[in-house]
Amino acid sequence: DILFSVLIHDLIGLKLTKSVSFFGTGIRIDMSSGAHWNLDMQDMWAGLKVMDVKGASHLYFDGASRDNPNGPAGYGFYIKDSSGNELIRGSGYCGMNRSNNEMEYQGLIEGLVWATRLEVSAIMIRGDSELVLRQMTGEYKVQDDKLRKLHETAKSILQRAQQDNSCRR
């Protein structure tokens, strides 16, 4: 199985940071040493490996919130093709006061966005969140307002991808 480690969680957990805040289109990390980082949002994608491989794939997603839902929160995703070759992986920090379930959805959404960019024709979605997976299949109702918006976003991406794939045939 794939484990996602969100850099920000580690920095805060090790007490290497004083604060993390958003500004304009980026994030500012103030280190305990007095140094600070100003990262544009696209810098958070640094290190992603993209290969031009199209076809069936598997999307794995995960999300977490330290001290759910009070602490720092982030997500991760990983996409591989049917032969097991890595297509792309990514992770992101989403700030404070977001729930585990919100982060699970965020990991799913980011993975779906990248799957559509890679133009995969079929995708198997896997995650460890029973709630998110069963809400996506319609087995569970979405009752939380924040999750409802994320659920609608994920469903919308899937529907657009299905329409796009049916037009290509």
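The following dialogue explains how several descriptions of this predicted model are reached.

Colleague: What makes up the chain as a whole?

Modeller: The chain holds four helices and seven strands. Read from the N terminus, these elements follow the order α-β-β-β-β-β-β-α-β-α-α. Of the 169 residues, 38% are buried. The area that the chain exposes is about 9,800 Å², and carbon and sulfur atoms supply 48% of that area.

Colleague: Why is His-58 called buried or exposed, whichever applies?

Modeller: His-58 belongs to strand S4. Its relative accessibility is 18%. The term buried applies under 20% relative accessible area, and therefore His-58 counts as buried.

Colleague: Which residues does His-58 touch, not counting those up to four places away in sequence?

Modeller: They are Tyr-78, Ile-79, Lys-80, Asp-81, Ser-82, Met-124 and Arg-126. Contact here means that heavy atoms lie within 4.5 Å. One of these residues, Met-124 in S7, stands opposite His-58.

Colleague: How do you know that S4 and S7 pair?

Modeller: Two strands pair if at least two bridges are found between them. Six bridges join S4 to S7, and these two strands run parallel.

Colleague: How do you know that S5 and S6 pair, and in which sense?

Modeller: The same rule of at least two bridges applies. S5 and S6 share nine bridges and pair in the antiparallel sense. Within this pairing, Ile-79 has Ile-88 in S6 as its bridge partner. S5 and S6 also form a hairpin, with four residues between them. In its turn, Gly-84 has a positive phi of about 90°.

Colleague: What is the order of the strands in the sheet, and what is the pairing?

Modeller: Four strands form an open sheet in the order S6-S5-S4-S7, and the pairing is mixed. As a general matter, strands of a sheet pair through backbone hydrogen bonds, either parallel or antiparallel. Here S4 and S7 run parallel, whereas S5 and S6 are antiparallel.

Colleague: Why do S6 and S7 stand at the edges?

Modeller: S6 and strand S7 (122-127) each have a single partner strand, so one side of each is left without a neighbour in the sheet. From one strand to the next, the twist averages 15°.

Colleague: What makes S6 mostly covered?

Modeller: Eight of the 11 residues of S6 are buried. Tyr-93 is in strand S6, and its relative accessible area is 4%. That value is under the 20% limit, so Tyr-93 is buried. The C-alpha atoms of Tyr-93 and Tyr-75 are separated by 6.8 Å, although these residues are 18 apart along the chain.

Colleague: Which residues touch the most other members of the largest nonpolar core?

Modeller: In this core of 25 residues, they are Phe-77, Ile-79, Tyr-105 and Leu-108. At least two core residues come from each of strand S4 (56-65), strand S5 (72-81), strand S6 (86-96), helix H2 (100-117), helix H3 (130-137) and helix H4 (145-168). H2 gives the largest share, seven residues.

Colleague: Where does H2 lie with respect to the strands?

Modeller: H2 lies across S4, S5, S6 and S7, and runs at about 150° to S4.

Colleague: Why is Arg-117 called exposed?

Modeller: Arg-117 lies in helix H2, and its relative accessible area is 55%. The term exposed requires a value over 50%, so Arg-117 is exposed. Arg-117 and Ala-161 are 44 residues apart in sequence, and their C-alpha atoms are 9.9 Å apart in space.

Colleague: Why does Thr-137 count as exposed?

Modeller: Thr-137 lies in helix H3. Its relative accessibility is 55%; the limit is over 50%, and therefore Thr-137 counts as exposed. The C-alpha atoms of Thr-137 and Lys-155 are 9.7 Å apart, with 18 residues as their separation in sequence.

Colleague: How do you know that the side chain of Thr-137 makes a polar contact with the side chain of Glu-139?

Modeller: A polar contact needs a pair of N or O atoms within 3.5 Å, one able to donate a hydrogen and the other to accept it. The contact between the side chains of Thr-137 and Glu-139 is at 3.0 Å. In addition, a polar atom of the Thr-137 side chain lies 3.2 Å from the backbone oxygen of Arg-134.

Technical notes
Residues are numbered from 1 along each chain as its sequence is written. This is a predicted model: local features need pLDDT of at least 70, side-chain atom pairs count only at pLDDT 80 or more; totals for chains, interfaces and linings use all residues. Side-chain values use heavy atoms; hydrogens and water are left out. A nonpolar core is a set of buried Ala, Val, Leu, Ile, Met, Phe, Trp, Tyr and Cys residues joined through side-chain atoms within 4.5 Å. Buried means under 20% relative accessible area, exposed over 50%, partly exposed in between (1.4 Å probe, protein chains only). Axes are lines fitted to C-alpha atoms, for helices over the stretch in contact, and angles run from 0 to 180 degrees between N-to-C directions. Accessible areas come from the Shrake-Rupley method with a 1.4 Å probe; for residues, only the protein chains shown count as cover.
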